[in-house]
Amino acid sequence: MNTIYLKQIPSFPSTEIPLPSSKSESNRVLIIDALTDGENEISNLAEARDTQTMIRLLKTNPPVFDVLDAGTTMRFLTAFAAVTNQNKVMTGTARMCERPIGILVDALRELGADIHYMNKEGYPPLAIHGFKGQLVDQISIRGDVSSQYISALLMIAPLLPNGLSLELTGKVGSVTYIEMTLELMKQFGVAYTWEENIIKVGSQKYHSTAFAVESDWSGASYWFSLLACAESGSLFLKGLKKDSLQGDSKIVEIMDHLGVKSEFVEGGIQLTKQKVKGLKSWDFTHCPDLAQTVAVTCAVLGQKVDFSGLESLRIKETDRIYALQQELAKFNAQLLEGENEVFTLIPSVEIPNEVQIHTYDDHRMAMAFMPLMTKTNVIIEDPEVVNKSYPSFWKHVELVELEN
Ligand SMILES: O=C(O)C1=C[C@@H](OP(=O)(O)O)[C@@H](O)[C@H](O)C1
Ligand SMILES: C=C(OP(=O)(O)O)C(=O)O
């Protein structure tokens, strides 16, 4: 098995981290670009495998769209292929074929798409056999499983002859990602309304424009965590802006409680250490990708915290609740399931001299446990797993190591 060894570094001098581009923004912009008649000027697309897979599939248009382990690529391309009247097989890794897609398929079938399950009802692989023409212009969709189904439908909505009125039902999670989708659509000239739980997008064209993808706030979260866990140090994260389309910019507020001060300056954000104010509870409903980062930070910093809004974590790259519980236990921290979907993070009492982290084919497991290197020697299994969203992650870790 391939591993990476992170020798303990309790503190580090000021280091500049370049950061990758956002894969969420990139994958939306690529779909919008494919649906725009004219030419767009898109820059700064992500190096993330999820984005590179999207680029390759859109460019080569093979009969089988194998998205590997990319959730957004699967969900967005399914809606795209269906309403652009294509015959396509949608598939991915074994794990991708365990991640539900029934809610999106039901909605697309209601709209007029011909889609069959090739194996298990509700899950990829799918066979898409074109579009019969728009059958309805109003759809209800539950929002508690994945916002990606909603984003997928919104992006294809302007193409529909009658547009689309989408009623969101139940608890809606990851709302910040729905907002990102709509804001990007707006930047490409598409109008929408969102009143209470109904989003309406009329039939209209996307307009060509220039768009530069922002740096990735989810990727930035690991650097906030590294500084929070370190004895001393400072970090400059390049390319981040205060007004971001990404909900994971919430990390600024979370880390303000956990000892990291953020100052937006020209060209990025300067992170310095401050007194730990403490965190009692946090709701991750709209920033689920930050949960692993914050869990490890709190475990290391001795913070007992109630985590809520973790429901979607079980159906991501791995069952992230199980994975966190297993790996936190290796340094005597716990994530205990309580009543009403609240989990309590019990921090570590004693960290062993060396900890080996299993990564469960999940990039965020590898990256979230990196900051443990401030307290002990860490071995990360399958380090290349980070390629899904942040291929240059270990190179950036070396920048911190080199300063020592
Ligand atoms: O739309 C997006 O770009 C994403 C939405 C979120 O998924 P869910 O909506 O399934 O929570 C998030 O976890 C994922 O990493 C990216
Ligand atoms: C959940 C994630 O991605 P996706 O759902 O797009 O596979 C992620 O990047 O953490």
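The centres of domain 1 and domain 2, taken over C-alpha atoms, sit 29 Å apart. Domain 1 covers 3-20 + 215-402 and domain 2 covers 23-212, with bounds that come from an automatic or database domain assignment. Where the two domains touch, 21 residues of domain 1 meet 21 residues of domain 2, contact meaning that two C-beta atoms, placed from the backbone, lie within 7 Å. The domain 1 side of that contact is made up of seven nonpolar, nine polar and five charged residues. Here Ala, Val, Leu, Ile, Met, Phe, Trp, Tyr, Cys and Pro go down as nonpolar, Asp, Glu, Lys and Arg as charged, and the others, Gly among them, as polar.

This is a predicted model, in which local features need pLDDT of at least 70 and side-chain atom pairs count only at pLDDT 80 or more, while totals for chains, interfaces and linings use all residues. Residues are numbered from 1 along each chain as its sequence is written, and chains are lettered from A and ligands numbered from 1 in the order in which they are written.

An unreviewed UniProt entry puts the feature "domain: Enolpyruvate transferase" at residues 15-59 and 64-395; UniProt positions follow the numbering used here, feature names are shortened, and annotations may be inferred rather than shown by experiment. Residues 15-59 are 51% helix and 13% strand, with end C-alpha atoms 38 Å apart. For residues 64-395 the figures are 29% helix and 25% strand, and the end C-alpha atoms lie 33 Å apart. Helices (H or I, at least four residues) and strands (E, at least two) are DSSP runs, numbered from the N terminus.

Both ligands draw on both domains. The shell around ligand 1 takes at least three residues from each of domain 1 and domain 2, and the shell around ligand 2 likewise takes at least three from each. A residue belongs near a molecule if its C-beta atom, placed from the backbone, lies within 6 Å of it. Around ligand 1 are Ser 24, Thr 72, Ser 146, Ser 147, Gln 148, Ser 151, Gly 173, Ser 174, Tyr 177, Pro 288, Asp 289 and Ser 312. By class that makes two nonpolar, nine polar and one charged. Helix H5 (residues 147-156) gives the most to this shell, with three residues. Ligand 2 has Ala 70, Gly 71, Thr 72, Asp 289, Lys 316, Glu 317, Arg 364 and Ser 389 around it, which break down into one nonpolar, three polar and four charged.

Tyr 177, from the shell around ligand 1, is also one of the buried residues of H6. The others in H6 are Thr 176, Ile 178, Met 180, Thr 181, Leu 182, Leu 184 and Met 185; buried means 20 or more other C-beta atoms within 10 Å of a residue's own, exposed means 12 or fewer, and partly exposed is in between, with C-beta atoms placed from the backbone. They pack against helix H1 (23-34), H5 and strand E10 (192-195). The 13 residues of H6 (residues 175-187) should span 18 Å at 1.5 Å a residue, and its end C-alpha atoms are indeed 18 Å apart; the expected span is 1.5 Å times one less than the number of residues. Just past H6, Gly 189 has a positive phi of about 80°.

H2 (49-60) gives a similar picture: 12 residues reach 16 Å from first C-alpha to last, close to the 16 Å expected. Its buried residues are Arg 49, Asp 50, Thr 51, Thr 53, Met 54 and Leu 57, and they pack against H1, strand E4 (64-66) and helix H3 (71-83). Asn 61 follows H2 with a positive phi near 45°.

A few backbone details stand out for comment. Leu 19, in the loop between strand E2 (15-17) and H1, has a positive phi near 70° and is buried, with 22 other C-beta atoms within 10 Å. Asn 44, in the loop between strand E3 (41-43) and H2, also has a positive phi near 70°, but with 16 C-beta neighbours inside 10 Å it counts as partly exposed. A cis peptide bond, omega about 0°, joins Pro 124 and Pro 125; Pro 125 lies in the loop between strand E6 (113-117) and strand E7 (126-131).

Finally, Phe 211 in strand E12 (residues 210-212) is 171 residues from Asn 40 in sequence and 7.8 Å away in space, C-alpha to C-alpha. Neighbours within four places in sequence aside, Phe 211 contacts Val 29, Asn 40, Ile 42 and Gln 187.
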